[in-house]
Amino acid sequence: MAYYITKLGITVVLVVLISEVAKRSSFIGAVLASVPLTSVLAILWIYVETGDIGRISDLSVSIVWLVLPSLVLFIALPVLLTNGVNFYLSMALSIGATALSYWLVVVVLGHFGVEL
């Protein structure tokens, strides 16, 4: 149980730290947020828990394929916001477009025999 509380604590501290830093400097916040902390933590936790290098390798390859559709959120959100769309609607539309992009990438990759 202590291990899971430690995992949770480290993850929460990192997310809160990034949001607090971003309030003071959007550039430094962006640098911290752009580092794939979630991926690194997930890979670390999987290795510590299982030691399964194959699982980590598979996860890493899947992450590579899914980076491009994840960028849709960061393109759509500022476009919508600068065009006067309400923040919550912009966020919802950006998340929806990102989800659609994920689906499209998975379908296209599946067509070429790549399974994630």
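## Helix packing, ring pairs and Leu66

The crossing of helices H3 and H4 is right-handed. Keep in mind as you read that this is a predicted model. Besides that helix pair, this briefing visits the aromatic pairs, of which a search of the whole structure finds three, and the surroundings of Leu66, a residue of helix H4.

**How H3 and H4 pack**

- Helix H3 covers residues 37–50 and helix H4 covers residues 53–82; the two pack with their axes 9 Å apart, at an angle of about 165°.
- Angles over 145 degrees count as roughly antiparallel, and H3 and H4 are therefore roughly antiparallel to each other.
- On the H3 side, the contact is made by Ser39, Ala42, Ile43, Ile46, Tyr47 and Thr50.
- H4 brings Ile53, Arg55, Ile56, Leu59, Ser60 and Ile63 to the contact.
- Sorted by class, the residues in this contact of H3 with H4 are eight nonpolar, three polar and one charged.

**Aromatic pairs**

- Three aromatic pairs turn up when the whole structure is searched.
- One of them joins Tyr3 and Tyr4: their ring centres are 5.5 Å apart and their planes lie at 70°, so this pair is edge-to-face.
- Tyr3 has a relative accessible area of 29%, so this residue counts as partly exposed.
- Phe87 and Tyr88 also form an edge-to-face pair, with 5.2 Å from centre to centre and 75° between the planes.
- The two partners of that pair fall into separate accessibility classes: Phe87 is partly exposed at 40% relative accessibility, whereas Tyr88, with a relative accessible area of 64%, is exposed.
- Ring pairs also link Tyr3 and Tyr4 with Trp45, and these residues make up a cluster.

**Around Leu66**

- Is Leu66, which sits in helix H4, buried or exposed? The answer lies in between: its relative accessible area is 25%, and buried would need a value under 20%, so Leu66 counts as partly exposed.
- Which residues does Leu66 touch, leaving aside its neighbours within four places in sequence? Its contacts are with Tyr102, Val105, Val106 and Leu116.
- For one of these partners, Val105, there is also a backbone distance to look at: the C-alpha atoms of Leu66 and Val105 are separated by 7.6 Å, while the two residues are 39 residues apart along the chain.

How values were computed. Residues are numbered from 1 along each chain as its sequence is written. This is a predicted model: local features need pLDDT of at least 70, side-chain atom pairs count only at pLDDT 80 or more; totals for chains, interfaces and linings use all residues. Side-chain values use heavy atoms; hydrogens and water are left out. Axes are lines fitted to C-alpha atoms, for helices over the stretch in contact, and angles run from 0 to 180 degrees between N-to-C directions. Helices (H or I, at least four residues) and strands (E, at least two) are DSSP runs, numbered from the N terminus. Angles under 35 degrees count as roughly parallel, over 145 as roughly antiparallel, 65 to 115 as roughly perpendicular and the rest as oblique. A crossing is left-handed if the near helix is turned anticlockwise from the far one by less than a right angle, and right-handed if clockwise. Contact means heavy atoms within 4.5 Å. Ala, Val, Leu, Ile, Met, Phe, Trp, Tyr, Cys and Pro count as nonpolar, Asp, Glu, Lys and Arg as charged, and the others, Gly among them, as polar. Rings of Phe, Tyr and Trp (its six-membered ring) pair if their centres lie within 6.5 Å; planes under 30 degrees apart count as stacked, over 60 as edge-to-face and the rest as tilted. Buried means under 20% relative accessible area, exposed over 50%, partly exposed in between (1.4 Å probe, protein chains only).
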